[in-house]
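Work through the following exercises with the structure in view, trying each task before reading its solution.

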Amino acid sequence: MLTLDKIYHANFVLKNVVRKTDLIPAPKINPECDVYLKTENLQVTGSFKVRGAYYKISQLSAEEKAKGVIACSAGNHAQGVALAAARNGIKSLICLPDGAPISKVEATKSYGADVCLVEGVYDDAYNKALELKEEKGYTFIHPFDDENVIAGQGTIGLEILDQLPEIDAVIVPVGGGGLISGVAFALKSLKPEIKVYGVQASGAASMVTSLEHGKIECLDSVATIADGIKVKEPGTNTFDICSKYVDKIVTVTDDEISSAILFLIEQQKLISEGAGAVSVAAAMFNKVPVKGKKVVCLVSGGNIDVTILSRVIKRGLLKSGRTDSINIELIDKPGQLRDVSRIIAELGGNVIAIHHERANEGADIIGCYLRIVLETRNFEHKMAIRQAISDAGFTIVE
């Protein structure tokens, strides 16, 4: 059974293992409230997961340790278990979905674990891990539905309260629910008036759906760029704790997550993975009531795959009005491109790509199309450029 004493004990055990990550102000995220970032993306292994994994392994019996441990993970729990096992001199085998970022797979191996890639998503890796546990006799380290793992994650709640005693609310990423369960239990036990909000990706809202229906439900499929919280079904323990201690769980879209990742890079000089940025997205887009409050966004991890980072940034730029693609129907005569370019230049837009082609068979015989990709400051700037082009007599084709 989870208790506050257990979380305090986990805090003692982890004292010389994990970093007490900084709590930094980030006022530009939402001007209507005082926002702070709990930077678990700068934690050992790049994620909060090492807290729960290490505490769980530290509490195993000598017999359990001798058998070695097995775990399943989308990536971050894998690294936490691998590091914890290595520090305790224990053999570890990690089952990961085959779609896990290569960077997370290689990082897991670098901490000394053996890796088994499983076709499918997290839940498929989970089933494979249970199968191997029975076959080989390993000790299973659950990524979220275990009271010792939850207690380890709960140490973040103790740190936040120590760093910002006057906190009004905390926003926490939610996948299976281990992180928010530990944080909510710790904070609500010590200061019940604190609001605890969870955030899931809209394409993987398993906890949201389960809480709405009052019972644990398994989604048919999940799809989101936030691979760290791409979980089909919450845990039994985590569902119960969230039902009692979490005030509300909301969802954010992949576009909103991308915008949050981009904001953290530009404004805070921080790299966050999709799962870590959902809390920031919720604050940015007013998904929870935070006006006039001191709010902590828990940035849970920074292990984003660099091969998709450029795509995420591009998506974030589009969502925040920083880039635009305009298709213009023109008459094929000299000076048209010059006139459009002059309008954009005078309004401070920056053209980064241009494509000009003759009209197809369904258009005017002397027509042509101009496709321009440009950088803009924000949505207002983008719309001002579009309006000026239209006012000059050009037709924008959507």
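## Exercises on a predicted model

The largest pocket holds about 300 Å³ of space. The model is a predicted one, and the exercises below begin with its empty spaces.

**Exercise 1.** Describe the lining of the largest pocket, saying which residues lie nearest its centre.

*Solution.* Begin with the count: 19 residues line the largest pocket, and G99, T224, I225, D227 and K230 are the ones nearest its centre. Next, sort the lining by class, which gives 10 nonpolar, four polar and five charged residues. Finally, look for the element that gives the most to this lining, which is α13 with four residues.

**Exercise 2.** Find how many cavities of 30 Å³ or more the structure holds, and describe the lining of each by class.

*Solution.* Rolling a probe the size of a water molecule over the atoms shows where empty space is left. The structure holds two cavities of 30 Å³ or more. The largest cavity, with a volume of about 300 Å³, is lined by 26 residues, among which F48, K49, G176, G228 and I229 lie nearest the centre. Its lining divides into 12 nonpolar, 12 polar and two charged residues, and α4 (76-87) and α8 (178-190) each supply at least two residues of that lining. The second largest cavity holds about 60 Å³, and its lining, which includes P101, K104, E273 and N303, has five nonpolar, two polar and four charged residues.

**Exercise 3.** Check whether the length of helix α11 agrees with its number of residues, and then decide whether the helix is mostly covered or uncovered.

*Solution.* Helix α11 runs over residues 254-268, so at 1.5 Å a residue its 15 residues should span 21 Å, and the 20 Å between its end C-alpha atoms agrees with this. For the second step, count the residues under 20% relative accessible area: 11 of the 15 residues of α11 are buried, and the helix is therefore mostly covered. Among the buried ones are D254, I257, F263 and Q268. The buried residues pack against the strands β1 (23-25), β2 (34-39), β8 (195-201) and β9 (248-252), as well as against α12 (274-284) and α13 (306-319).

**Exercise 4.** Place T45 and K269 in their loops, and decide for each whether the residue is buried or exposed.

*Solution.* Most residues other than glycine have a negative phi, and most peptide bonds are trans. T45 has a positive phi near 70° and lies in the loop between β2 and α2 (49-58). With a relative accessible area of 7%, T45 is buried. K269 has a positive phi near 60° and lies in the loop between α11 and α12. At 65% relative accessibility, K269 counts as exposed.

**Exercise 5.** Trace how the strands pair, starting from the open sheet of four strands and ending with the partners of β13.

*Solution.* The open sheet has the order β5-β4-β3-β6 with parallel pairing, and its edge strands, β5 (114-118) and β6 (139-140), each pair on one side only. Within this sheet, four bridges join β3 (residues 69-72) to β4 (residues 92-97), and A71 has I94 as its bridge partner in β4. Turning to β13 (residues 367-375), nine bridges join this strand to β11 (residues 323-331) in the antiparallel sense, with S325 opposite V373. Strand β12 (residues 350-358) also pairs antiparallel with β13, over eight bridges, and there R358 has C368 as its bridge partner.

How values were computed:
Residues numbered from 1 in each chain as written. Predicted model: local features only at pLDDT ≥ 70, side-chain atom pairs only at ≥ 80, totals over all residues. Heavy atoms only, no water. Expected span 1.5 Å × (residues − 1). Buried < 20%, exposed > 50% of the residue type's maximum accessible area, 1.4 Å probe, protein only. Contact = heavy atoms within 4.5 Å. Pairing = 2+ DSSP bridges. 1 Å grid on protein atoms, 1.4 Å probe; cavity = no way out; pocket = protein on both sides within 12 Å on 5 of 7 lines; lining within 4 Å. Points joined across faces, edges and corners; volume = space filled by probe spheres on them. Nonpolar A, V, L, I, M, F, W, Y, C, P; charged D, E, K, R; others polar.
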